[in-house]
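Please open the model in your viewer and keep the selection tool at hand. The tour proceeds by selections, each followed by a description of what is found there.

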Amino acid sequence: MNPLERYEPLVDDAAAFRAACDRPLPSVVRVNEMAASPARVREAFDDEGVAYEPVDWHDGLFRLPEGNPGGNWPYVHGWTHGQEEVSVLPGLALDPQPGERVWDACAAPGSKTTQIADAMSDEGTVVANDNNLGRLSALRHNAERLGITNAIVTNQDARNFSTKPLAFDEFDRALVDAPCSCEGTCRKNPDVVDQWTLDHVHAVAGIQKGILARAVQATRPGGTVVYSTCTFAPEENEAVLDHVLANEDCEILDFDLPLDTVPGVTEWDGETYDESVTRAHRVYPHHNDTGGFFCAKLRVGGEGNETAAADGEVGA
């Protein structure tokens, strides 16, 4: 069975969902505003004859109809970075501020790390961690090309991440863009559909629970943790949130995203989840012509839902 079939009961239009998953994914670049403004990048693209289309919900994103985001001098000089539209969402939800301490638990190859550093104006500290040493070389390369200087690169298993090598023992914010079964990336990597197994879904869900729990533990009371994946599987999304809610001191926040999304689900395959998982966002390919995605925002040591909801707004 094509694994996408198992998610058809969750979508509003199964035929449109499947058709979108079969279409190639548009190529997109994000502007590195530490180096250039979106207006300056547009001028550079115009001068170089690079075809582009502004993304209507984010001034710093451009679709490149001819593909090849790295094949122009603005990219080489660190003005742009190839990054999927939906990949920008966790950084928006995290909303890092200059001077803060931020942990990117699963950072390689660095798209979200560099987006976070850009939002922080390269001030404060971003600890960019990944357990895959080989992938860290790509992260380091991207950080250097984009002029990032506030990042510390670590190579640890995020489930038992230690702050002992650092000069501090807790973070203001943490991002867990977790390793997953990746069905939402099928538009750019169709092989994920052929390689998909339910056993892998269950195995990786255990890893995700461990990483998210550690992120909550490592973040100061009142701090923010964002959890995201590129899978449609509730076992890796809402079930992970439900587990961490039951075992750690945190709550899921209401927040806005600048794309069409649907709420998280509270029932799946005979299991039920905490009602607050509906505050998470599911992004389906046929709603925005993007990849598939899931994003949730949590507060550590929750102070009440009314305050949490007021602080949970995210702008484009």
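Begin with helix α1 and select Ala-15 and Asp-22, the exposed residues carried on the face turned away from the buried side of the helix. Please bear in mind throughout that the model is predicted.

**Helix α1 and its start**

Now turn to the opposite side of α1 and select Phe-17, Ala-20 and Cys-21, which are buried. Viewed down the axis of α1, the buried residues fall within an arc of 100 degrees, so they line one face of the helix. To see what the buried residues of α1 pack against, add α10 (285-288) to the selection.

Next, move to the N-terminal end of α1 and select Asp-13, which caps the helix there. A side-chain oxygen of Asp-13 lies 3.3 Å from the backbone nitrogen of Ala-15.

Then select Arg-18 and Glu-8, whose side chains meet in a salt bridge with an N to O distance of 3.0 Å. This pair links distant parts of the chain: Arg-18 belongs to helix α1 (residues 14-22), whereas Glu-8 is in the segment before α1, 10 residues apart. Glu-8 counts as partly exposed, at 27% relative accessibility.

**Strands β1, β2 and β3**

Select strand β3 (residues 61-64) and show its side chains. Leu-61 and Arg-63 point one way from the strand, Phe-62 and Leu-64 point the other way, and all are buried.

Add strand β1 (residues 27-31), which pairs with β3 in the antiparallel sense over four bridges. Which residue of β3 is the bridge partner of Ser-27? The partner is Leu-64.

Add strand β2 (residues 53-54) as well; two bridges join β2 to β3, and these strands run antiparallel. Glu-53 stands opposite Arg-63 in β3. Following the chain from β2 to β3, one passes through a hairpin of six residues.

**From Arg-63 to a salt-bridge network**

Keep Arg-63 selected and add Glu-85: their side chains meet in a salt bridge, with 2.4 Å from N to O. Glu-85 lies in the loop between β4 (80-82) and α4, and Arg-63 lies in strand β3, so the pair ties together parts that are 22 residues apart in sequence. Glu-85 is buried, because its relative accessible area of 5% is under the 20% cut-off. Arg-63 is likewise buried, with a relative accessible area of 16%.

Extend the selection to Arg-23, Arg-187 and Asp-289, which are linked with Arg-63 and Glu-85 in a network of salt bridges. The structure holds 16 salt bridges.

**A salt bridge between α9 and β14**

Select Glu-238 and Arg-282, which form another salt bridge, the closest N and O atoms being 2.8 Å apart. Glu-238 lies in helix α9 (residues 238-247) and Arg-282 in strand β14 (residues 281-283), so the pair ties together parts that are 44 residues apart in sequence. Glu-238 is buried, and Arg-282 is buried too.

**Gln-208 in helix α8**

Proceed to helix α8 (residues 198-218) and select Gln-208. Is Gln-208 buried or exposed? Gln-208 is buried, with a relative accessible area of 0%.

Show the side chain of Glu-236 together with that of Gln-208; a polar contact of 2.9 Å joins the two side chains. Leaving aside residues up to four places away in sequence, Gln-208 touches Ala-178, Pro-179, Cys-180, Tyr-227, Glu-236 and Val-240.

**Backbone details in three loops**

For the last stops, display the backbone. Select Cys-182, in the loop between β8 (171-177) and α7 (191-195). Cys-182 has a positive phi of about 65 degrees although it is not a glycine. At 24% relative accessibility, Cys-182 counts as partly exposed.

Select Asp-95, in the loop between α4 (89-94) and β5. The phi of Asp-95 is near 50 degrees, again a positive value in a residue other than glycine. Asp-95 is partly exposed, with a relative accessible area of 37%.

Finally, select Ala-108 and Pro-109. What is the geometry of the peptide bond from Ala-108 to Pro-109? The bond is cis, with omega near 10 degrees. Pro-109 is placed in the loop between β5 (101-104) and α5 (111-119).

Notes:
Residues numbered from 1 in each chain as written. Predicted model: local features only at pLDDT ≥ 70, side-chain atom pairs only at ≥ 80, totals over all residues. Heavy atoms only, no water. Buried < 20%, exposed > 50% of the residue type's maximum accessible area, 1.4 Å probe, protein only. Polar contact = N/O pair within 3.5 Å; in protein donor to acceptor, adjacent residues only side chain to side chain. Contact = heavy atoms within 4.5 Å. Pairing = 2+ DSSP bridges. Salt bridge = Lys/Arg side-chain N within 4 Å of Asp/Glu carboxyl O. Arc of directions from axis to C-beta.
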